[in-house]
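Work through the exercises below with the sequence and the model side by side, and try each task before you read its solution.

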Amino acid sequence: MYDRRTDEVPPTAPTATAGHEPTTVERGSFCTARCACGWSGPARRSRDRARTDAAEHRAAP
């Protein structure tokens with residue numbers, strides 16, 4: 001699954017009602033989970049692990 005790179009995504013301001021909708025962003029050989037709330041997971045070579053990081057963040061209160 002390819003999500004657009006960070007420099008291709010227009011910046012958006014997080015909103016209070018947005019909730020947590022993390023996505024994965026690929027940059028070179030690394031993949032990072034990021035959320036509209038400002039959270040960012042560590043860079044991973046494993047895309048599956050980055051998706052797991054995103055799912056864990058979505059489940060967090």
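Three exercises follow, on confidence, on strand pairing and on cysteines, all for a predicted model.

**Exercise 1.** Find out how confident the predictor is overall, and which residues call for caution.

*Solution.* Begin with the whole protein, for which the mean pLDDT is 80, with 70% of the residues reaching 70 or more. Next, look at residues 13-17, where pLDDT stays under 50 and where the model has two contacts beyond four places in sequence. Where pLDDT is low, the predicted coordinates should not be read in detail.

**Exercise 2.** Describe how strand 1 and strand 2 are joined.

*Solution.* First locate strand 1 at residues 23-27 and strand 2 at residues 30-34, and note that the two run antiparallel and are joined by five bridges. Then follow the chain from one strand to the other: they form a hairpin with two residues between them, and glycine 28, which lies in the turn, has a positive phi of about 65°. Finally, pick out one facing pair, in which arginine 27 stands opposite phenylalanine 30 of strand 2.

**Exercise 3.** Decide how many disulfides the structure contains, and explain why cysteine 37 is not bonded to cysteine 35.

*Solution.* A search of the whole structure gives zero disulfides, and cysteine 35 accordingly takes part in none, its nearest cysteine sulfur being that of cysteine 37, 3.6 Å away. Since a disulfide requires two cysteine sulfur atoms within 2.5 Å, the sulfur of cysteine 37, at 3.6 Å from that of cysteine 35, is too far for a bond. As a last step, compare their surroundings: cysteine 35 is buried, with a relative accessible area of 11%, whereas cysteine 37 is partly exposed at 39% relative accessibility.

Key:
Residues are numbered from 1 along each chain as its sequence is written. This is a predicted model: local features need pLDDT of at least 70, side-chain atom pairs count only at pLDDT 80 or more; totals for chains, interfaces and linings use all residues. Side-chain values use heavy atoms; hydrogens and water are left out. Buried means under 20% relative accessible area, exposed over 50%, partly exposed in between (1.4 Å probe, protein chains only). pLDDT is the predictor's confidence in each residue, from 0 to 100. Contact means heavy atoms within 4.5 Å. Two strands pair if DSSP finds at least two bridges between them. Helices (H or I, at least four residues) and strands (E, at least two) are DSSP runs, numbered from the N terminus.
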